[in-house]
Amino acid sequence: MLGAIIGDVVGSRFEWDNCRSKEFPLFAFGCEPTDDSIMTLAIAQALLETKEDRSALAARVIERMQHMGRRYPNAGYGGRFSRWLDERNPHPYQSFGNGAAMRVSACAQAAKTLTEAKELSFTVTAVTHDHPEGLKGAEVVTVAIFLAREGKSKEEIRKEITERYYALDFTLDGIRDTYQFDETCPGSVPQALEAFFEGKDFEDVLRNAISIGGDSDTIAAIACSVAEAFYGVPDAIRAGVLPYLDSEMHRILTEFERTYPWPSR
């Protein structure tokens with residue numbers, strides 16, 4: 001989950017001013033948590049509150065997302081999601097935006113099995129993004145994180161993704177000059193996953209994700225959520241992002257990491 005927050009914070013200043021290079025300071029003026037971090041933390045809180053009874057998860061996800069959305073109203077939410085946050089009786093709205101994929105990392109960290117991870121992903125996603133492509137985008141990210149968490153190789157993870165979800169028939173160098181902003185799952189999740197596959201370590205994955213442009217904060221959040229499970233987060237980068245989180249964000253992150261620690265690497 002922390003990986004998603006790091007990707008979001010670092011990528012936030014590049015979302016509307018893309019950087020087509022891997023050379024940039026990670027933390028600088030303009031960096032901030034956006035909707036990617038806020039909703040990731042909301043889902044983490046819902047998972048904590050339903051640890052003993054997942055039957056209430058969907059309702060709790062709605063409560064937590066609406067609570068966090070109202071607490072942080074200027075985090076860059078999309079128009080339809082902003083309206084959903086204010087609805088008294090919210091319903092899913094057939095979205096297949098990449099918001100489904102950027103907020104789901106806590107599901108893979110909390111699950112005991114791959115089947116449970118997929119079930120959690122579906123439950124937390126379907127409250128808004130119930131389009132098949134939205135559900136698919138969330139599931140593939142969850143699967144990639146879970147497999148990385150379990151010690152699978154990049155070759156094994158890629159095989160699972162390409163056989164069941166996306167082709168990944170491109171390279172970052174091949175798309176860097178032409179890739180455009182695309183907020184859909186089909187138009188950004190494969191690119192985020194490729195940034196992970198081509199990375200040499202956590203920081204390199206982060207720089208890969210930023211370097212292709214597009215929806216930079218979300219692509220980096222997705223890529224780094226997988227990179228965290230595969231590589232871990234370097235201490236210096238963890239220390240660099242924590243000052244951007246307020247006390248409420250810190251509380252949720254700390255409690256979640258204590259409750260659902262990563263397996264020993």
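A pocket, as I'll use the word today, is an open set of grid points where a 1.4 Å probe fits, with protein on both sides within 12 Å along at least five of seven lines, and its lining residues have an atom within 4 Å of a point. Hello everyone, and please keep in mind that this is a predicted model.

Let's go straight to the largest pocket. It holds about 560 Å³ of space. How many residues line it? The lining has 29 residues, and those nearest the centre are Asp-35, Gly-76, Tyr-77, Gly-78 and Glu-183. Sorted by class, there are twelve polar, nine charged and eight nonpolar residues in that lining. Several helices take part: α2 (35-49), α4 (79-86), α5 (99-102) and α13 (216-231) each give at least two lining residues.

Now, from the pocket to the interior. The largest nonpolar core has 93 residues. Among the residues with the most contacts inside that core are Ile-6, Leu-47 and Val-189. Let me stay with Val-189 for a moment. Setting aside neighbours within four places in sequence, Val-189 touches Ala-101, Gly-137, Val-140, Val-141, Tyr-166, Thr-184 and Ile-222.

Ile-6 takes us to helix α1, residues 2-11. Is α1 largely enclosed or largely open? Ten of its ten residues are buried, so the rest of the structure largely encloses the helix. The buried residues include Leu-2, Ile-5 and Ile-6, and also Asp-8.

Next, the cysteines. A search of the whole structure turns up zero disulfides. Cys-107 is in no disulfide, and the nearest cysteine sulfur, that of Cys-185, is 14 Å away. Why is there no bond for Cys-185? Because a disulfide needs two cysteine sulfur atoms within 2.5 Å, and the sulfur of Cys-185 has its closest cysteine sulfur, in Cys-107, at 14 Å, which is too far. Cys-107 is buried, with a relative accessible area of 0%, and Cys-185 is buried too, at 0% relative accessibility.

One last stop, this time in a loop. Thr-128 sits between α7 (114-126) and α8 (132-149). Is this loop residue buried or exposed? Thr-128 counts as buried, because its relative accessibility is 0%. As for what surrounds Thr-128, beyond neighbours within four places in sequence, its contacts are Met-65, Phe-81, Trp-84, Pro-92, Tyr-93, Gln-94, Ser-95 and Arg-103.

That's my tour, and thanks for listening!

Note on methods: Residues numbered from 1 in each chain as written. Predicted model: local features only at pLDDT ≥ 70, side-chain atom pairs only at ≥ 80, totals over all residues. Heavy atoms only, no water. Buried < 20%, exposed > 50% of the residue type's maximum accessible area, 1.4 Å probe, protein only. Helix = DSSP H or I, 4+ residues; strand = E, 2+ residues; numbered from the N terminus. Core = buried A, V, L, I, M, F, W, Y, C linked by side-chain atoms within 4.5 Å. Contact = heavy atoms within 4.5 Å. 1 Å grid on protein atoms, 1.4 Å probe; cavity = no way out; pocket = protein on both sides within 12 Å on 5 of 7 lines; lining within 4 Å. Points joined across faces, edges and corners; volume = space filled by probe spheres on them. Nonpolar A, V, L, I, M, F, W, Y, C, P; charged D, E, K, R; others polar.
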